[in-house]
Amino acid sequence: MDRLLSDLPQKDRDFCKEERRQLSQFIFDSLERLSKDGLGVSRASYGLGEQKAFDLIKSISEEEGLIVSFDGAANMVVTLPGDVRDEPAIYVGSHLDSVPQGGNFDGSAGIVAGLLALIKLRREHSEPSTPVRLILIRGEESAWFGLCYLGSYSLFGHLKQSDLDRPHRSTGEPLKDYMSKAGADIDRICLGEKLIDPALVRAYVELHIEQGPVMVAREVPVGIVTGLRGNTRYNLVRCMGKAGHSGAVPRWLRHDAVLASADLLSRMDEHWRVLLERGVDLVLTAGILSTDPKEHAMTRIPGKCEFSFEFRSQSMETLEAFDDLLRSEALSVARERGVNFVFPAKDMTKPAEMDPKWIEHLSACCETLDIKFERLPSGAGHDAAVFAYEGIPSAMIFIRNENGSHNPNESMDMEDFLNGADVLFEAITKPIQ
């Protein structure tokens with residue numbers, strides 16, 4: 001870590017834009033170097049990659065004279081020295097974990113932008129009218145334990161015992177063991193205790209790359225998020241049929257698990273198309289589809305197929321209706337093809353609306369800074385949703401990002417990032433009207 005820190009640019013009292021650019025690039029490059037996995041980056045939730053990223057930010061924060069502490073979920077909180085005011089604070093945050101072989105800017109952009117804001121306040125000896133704190137939230141990604149928002153759910157007492165028993169995708173070890181190793185207070189989390197008083201969070205503001213193509217297509221560098229889609233997820237649906245010889249069993253006697261799964265997914269895709277034509281907000285994905293490699297063969301009718309299925313919408317009513325439709329179609333396909341679909345317990349996150357006053361405030365900050373922006377919804381989930389569920393005014397700033405997200409090819413322009421960071425700083429240091 002010392003070798004990395006030696007590369008930091010020299011401190012400049014007013015923390016000029018060029019120095020902010022250099023420091024940001026240094027942090028992004030360091031994060032990539034610490035978690036490179038060949039194609040992209042892998043920073044497992046409550047794992048080694050996430051911990052290395054936390055250690056980097058901790059070292060830079062302390063080098064800059066900022067104060068670092070950890071809450072009961074092992075989330076890291078960075079504050080200005082002397083920040084002892086017992087009054088509601090603005091929390092700026094995001095996450096540092098990634099999906100396997102993911103991109104380097106997903107989550108980290110918000111952490112770096114928040115850190116820049118605190119460093120600027122520290123170097124310029126400026127004390128904002130409302131305390132500002134940076135929170136590095138653990139485990140936002142669902143890829144490792146099949147559940148998202150681990151750090152923020154823990155913060156507000158929403159993790160259940162069954163959640164803590166979830167196995168890691170690779171090792172099979174339960175989430176609670178990983179959290180404990182990272183320093184989380186498992187006993188309090190098991191009891192559902194709130195690790196923070198929501199009344200002491202005046203607002204939560206998160207900067208994040210857009211994870212879709214809208215801002216690139218519209219040539220907009222900064223976005224103000226109006227709301228976040230909720231989702232319904234089935235981590236692994238099993239289609240149980242009957243194996244058989246590919247040449248000996250006629251179609252009418254087959255119980256083909258692969259074709260039955262394909263039939264169900266095709267029907268749901270057609271429902272999606274029709275609903276979109278009616279103006280319904282909806283997206284769906286089957287991100288995993290597989291047969292058992294120990295038994296599948298070209299000449300074997302597959303007796304079992306497994307797939308994941310998730311769908312998202314800004315409407316809770318749409319999520320519930322589409323779930324009913326999925327179950328109905330599964331029964332229909334099962335009857336027609338002689339198979340059985342076994343659904344696991346579903347995971348759900350509710351849609352979340354961003355605070356109207358903060359939407360206006362962020363928009364005004366963009367106008368003050370003469371930065372082109374657009375208001376848009378978020379198709380992806382973020383920790384901001386969990387804060388919004390608690391009744392905490394929440395807001396998000398999007399940064400234009402090429403090539404989508406959850407892949408190694410995320411490409412955020414540094415000028416766009418610095419513009420977004422400027423909007424964040426303006427918003428958290430100026431009184432909201």
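**Figure 1. Contacts of Ala73 in the predicted model.** Beyond its neighbours within four places in sequence, Ala73 touches Tyr46, Arg138, Gly151, Ser154, Ala184, Ile189 and Leu195. The model shown here and in the other views is predicted. Ala73 sits in the loop between β1 (67-70) and β2 (76-79). The relative accessible area of Ala73 is 0%, so Ala73 is buried. Leu116 gives a sense of scale: Ala73 and Leu116 lie 43 residues apart in sequence. In space, their C-alpha atoms are 24 Å apart.

**Figure 2. Ala184 and its partners.** Ala184 belongs to the loop between α7 (175-181) and α8 (186-190). Its relative accessibility is 8%, so Ala184 counts as buried. With neighbours within four places in sequence set aside, Ala184 contacts Gly72, Ala73, Ala74, Met179 and Ile189. Ala73 of the β1-β2 loop is thus one of the partners of Ala184. Phe70 is 114 residues from Ala184 along the chain. The C-alpha atoms of Ala184 and Phe70 are nevertheless separated by 8.9 Å.

**Figure 3. Helix α2 against helix α3.** The view takes in α2 and helix α3 (residues 48-63). Their axes come within 9 Å and cross at roughly 150°. An angle over 145° counts as roughly antiparallel, so α2 is roughly antiparallel to α3. The crossing of α2 past α3 is right-handed. From α2, the contact uses Phe26, Ile27, Ser30, Leu31 and Leu34. From α3 come Lys52, Ala53, Leu56, Ile57 and Ile60. By class, the residues of this contact are eight nonpolar, one polar and one charged.

**Figure 4. Helix α2 against helix α4.** Helix α2 (residues 17-35) also packs against helix α4 (residues 108-123), with axes that come within 11 Å. The axes cross at roughly 140°. The two helices are therefore oblique to each other. Their crossing is right-handed. On the α2 side, the contact residues are Glu19, Arg20, Leu23, Ser24, Ile27, Phe28 and Leu31. On the α4 side, they are Ser108, Ala109, Val112, Leu115, Leu116, Ile119 and Arg123. This contact divides into nine nonpolar, two polar and three charged residues.

**Figure 5. The largest nonpolar core, with Ile27.** Which residues touch the most other members of the largest nonpolar core? They are Ile27, Leu136, Leu159, Met179, Met354 and Phe417, in a core of 102 residues. Helix α4 supplies the largest share of this core, with ten residues. Ile27 contacts Leu56, Ile57, Ile60, Val112 and Leu115, leaving aside its neighbours within four places in sequence. Of these, Leu56, Ile57 and Ile60 appear in the α3 side of the α2 contact. Val112 and Leu115 appear in the α4 side of the other α2 contact. A separate core of 24 residues lies apart from the largest one and includes Tyr234, Ala260, Leu282 and Ala334. In soluble globular proteins, nonpolar side chains tend to be buried together.

**Figure 6. Helix α12 against helix α14.** Here helix α12 (residues 356-368) meets helix α14 (residues 414-429). The axes come within 9 Å and cross at roughly 120°. That makes α12 and α14 oblique to each other. The crossing is right-handed. Trp358, His361, Leu362, Cys365, Cys366 and Thr368 are the contact residues in α12. Val423, Glu426 and Ala427 are their counterparts in α14. The contact comprises six nonpolar residues, two polar and one charged.

**Figure 7. Two loop residues with positive phi.** Most residues other than glycine have a negative phi. Gln101 has a phi near 50°, a positive value. Gln101 lies in the loop between β3 (89-95) and α4. Tyr149 also has a positive phi, near 60°. Tyr149 lies in the loop between β4 (132-137) and α5 (150-155). Is each residue buried or partly exposed? Gln101 is partly exposed, because its relative accessible area is 37%. Tyr149 is buried, because its relative accessible area is 2%.

Definitions and conventions: Residues are numbered from 1 along each chain as its sequence is written. This is a predicted model: local features need pLDDT of at least 70, side-chain atom pairs count only at pLDDT 80 or more; totals for chains, interfaces and linings use all residues. Side-chain values use heavy atoms; hydrogens and water are left out. Axes are lines fitted to C-alpha atoms, for helices over the stretch in contact, and angles run from 0 to 180 degrees between N-to-C directions. Helices (H or I, at least four residues) and strands (E, at least two) are DSSP runs, numbered from the N terminus. Angles under 35 degrees count as roughly parallel, over 145 as roughly antiparallel, 65 to 115 as roughly perpendicular and the rest as oblique. A crossing is left-handed if the near helix is turned anticlockwise from the far one by less than a right angle, and right-handed if clockwise. Contact means heavy atoms within 4.5 Å. Ala, Val, Leu, Ile, Met, Phe, Trp, Tyr, Cys and Pro count as nonpolar, Asp, Glu, Lys and Arg as charged, and the others, Gly among them, as polar. A nonpolar core is a set of buried Ala, Val, Leu, Ile, Met, Phe, Trp, Tyr and Cys residues joined through side-chain atoms within 4.5 Å. Buried means under 20% relative accessible area, exposed over 50%, partly exposed in between (1.4 Å probe, protein chains only).
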